[in-house]
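Subject: The structure I promised you

Hi,

Here is the structure I said I would pass on. Have a look at it first, and then read my notes below.

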Amino acid sequence: MADAMLSGLWGLVAGAAAFHWSNAVMMIVGGVLLYLGIKKGFEPLLLVPIGFGCILVNIPLAGLMEKGGFLRTIYDFGVITELFPLFIFIGIGAMTDFGPVLENPYTFLLGAAGQFGIFLTLLLALALGFPYLDAVTIGIIGACDGPTVIYVASQYAPHLLGPVSVAAYSYMSLVPVLQPPIMKMLTSQKEREVVMKTGQKTVSKMTKLLFPIVITIIGGLIAPHGLPLLATIMLGNFMKESGAVARLTKTSENELANIVTLLLAICIGATMSGPTFVQPTTIIILALGLLAICLDTVCGVLFGKFLYLITRGKINPLIGAAGISAFPMSARVVQREGQKYNKKSFLLMHAMGANAGGQVGSVMAAAVMLSVLKGMGII
């Protein structure tokens with residue numbers, strides 16, 4: 001009995017000695033993420049396991065991220081191998097309807113414009129002295145697409161996986177807070193009140209079937225190094241549109257997506273160890289990530305204003321904000337903001353087109369950058 005008590009006391013002393021002040025900071029951060037997910041409803045499927053993983057990894061002497069540890073085993077299996085983000089993309093593809101963007105092809109341009117923040121932030125990161133691979137990884141935060149960020153970081157900048165993943169998912173959950181002020185600042189009352197006509201066009205089943213195949217081939221030829229990202233999302237969408245593999249489609253958008261999201265999110269939290277996470281570089285990365293997403297919104301809305309001018313007021317510039325890849329959250333934000341300024345305005349389907357275009361655009365942006373780095377011999 002006495003030996004057990006001494007052993008327990010010694011363990012307590014050893015744990016206290018190994019406890020760094022930054023561990024306490026990150027435990028608080030983990031608690032904040034849990035609060036935002038549970039109390040505020042900000043992406044709870046992501047923030048709850050991320051927050052819990054953050055708390056776990058900061059418990060001293062547990063060894064959860066050491067070789068053979070519980071979290072390290074999951075991390076090595078799904079994150080280092082890039083399987084988790086690619087599995088999630090299959091699920092995203094199975095849940096995505098490209099019908100709105102095919103009905104209104106111009107929304108593809110809004111999706112492309114919504115990626116400019118990625119490249120602007122990349123240039124800024126390079127100007128601040130970040131290496132090429134780090135700068136690309138930081139810029140990709142602007143995609144507002146967690147799986148894409150994780151795929152790039154795990155492969156080319158694993159030391160940044162924690163901060164860039166947290167930035168991507170945190171800012172994605174804050175899209176309803178970040179975008180409206182930018183939308184209002186860049187548009188006039190008259191522009192925000194524009195009522196867009198609901199199209200009567202229908203997209204044929206053959207078009208919807210050919211779309212993922214054609215995009216995969218063209219994207220693979222343009223940027224082959226990013227083909228896994230594009231191919232998995234298009235595979236999921238092709239299964240959905242084919243109607244021939246309903247069980248696989250259902251599994252992809254439900255069981256597969258849910259299981260992988262849980263494992264991936266807890267692994268992201270596990271990268272948030274205090275001594276490695278609480279660094280000045282982390283603050284810079286979080287600031288650059290926020291800037292990237294804000295710039296994406298700015299570029300999307302400005303391009304929406306351009307379309308408003310050339311169509312003589314037929315397009316509401318607010319839909320440009322949906323060009324980022326926060327699918328379908330930013331489209332809902334656009335619909336809500338449009339209704340706020342004009343009750344007769346129904347922008348959801350147009351915004352969904354821009355949002356779906358942004359989903360493809362973010363993947364293509366990552367693929368192009370990786371292929372350029374490959375061509376330069378950097379990777």
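Let's start with one residue: Ala257 has 8% relative accessibility, so it counts as buried (under 20% relative accessible area; exposed is over 50%, partly exposed is in between, with a 1.4 Å probe and protein chains only). Before going on, note that this is a predicted model, where local features need pLDDT of at least 70, side-chain atom pairs count only at pLDDT 80 or more, and totals for chains, interfaces and linings use all residues. Residues are numbered from 1 along each chain as its sequence is written, and side-chain values use heavy atoms, with hydrogens and water left out.

Back to Ala257, which sits in helix α16 (residues 246-270). Helices here are DSSP runs of H or I with at least four residues, numbered from the N terminus. Leaving aside neighbours within four places in sequence, Ala257 is in contact (heavy atoms within 4.5 Å) with Thr251 and Ser252. Its C-alpha atom is 9.9 Å from that of Ala94, although the two are 163 residues apart along the chain.

Next, helix α10 (residues 146-156), which holds Ser154. Is Ser154 buried or exposed? Its relative accessibility is 6%, so Ser154 counts as buried. The side chain of Ser154 makes polar contacts (pairs of N or O atoms within 3.5 Å; within protein, one must be able to donate a hydrogen and the other to accept it, and residues adjacent in sequence count only if both atoms are side-chain atoms). One goes to the backbone oxygen of Val79 at 3.4 Å, and another to the backbone oxygen of Tyr151 at 3.2 Å. Beyond four places in sequence, Ser154 touches Val79, Glu82 and Leu161.

Gly146 is in α10 as well. With 1% relative accessibility, Gly146 counts as buried. Not counting residues up to four places away, Gly146 touches Ala168 and Tyr169. From Gly146 to Ala265 it is 119 residues in sequence, but 10.0 Å in space, C-alpha to C-alpha.

Now for some packing. Two packed helices are described by the angle between their axes and the distance between the axes. Helix α11 (residues 161-173) and helix α12 (residues 175-186) have axes that come within 5 Å and cross at roughly 65°. Axes are lines fitted to C-alpha atoms, for helices over the stretch in contact, and angles run from 0 to 180 degrees between N-to-C directions. That is why α11 and α12 are roughly perpendicular (65 to 115 degrees; under 35 is roughly parallel, over 145 roughly antiparallel, the rest oblique). Tyr171, Met172 and Ser173 of α11 meet Val175, Pro176 and Leu178 of α12.

Which residues of helix α9 (residues 132-139) are buried? They are Leu133, Asp134, Ala135, Val136, Thr137, Ile138 and Gly139, so to speak 7 of the 8 residues in this mostly covered helix. The buried residues of α9 pack against α8 (116-127), α10, α11, α18 (280-310) and α20.

Finally, the largest nonpolar core (buried Ala, Val, Leu, Ile, Met, Phe, Trp, Tyr and Cys residues joined through side-chain atoms within 4.5 Å) has 100 residues, and Ile140 and Val334 touch the most other members. Helix α20 (residues 348-375) gives the most to this core, with 12 residues. Ile140 is in contact with Ile118, Thr148, Val149, Val152, Ala366 and Met369, leaving aside neighbours within four places in sequence.

Cheers

Conventions:
Helix = DSSP H or I, 4+ residues; strand = E, 2+ residues; numbered from the N terminus.
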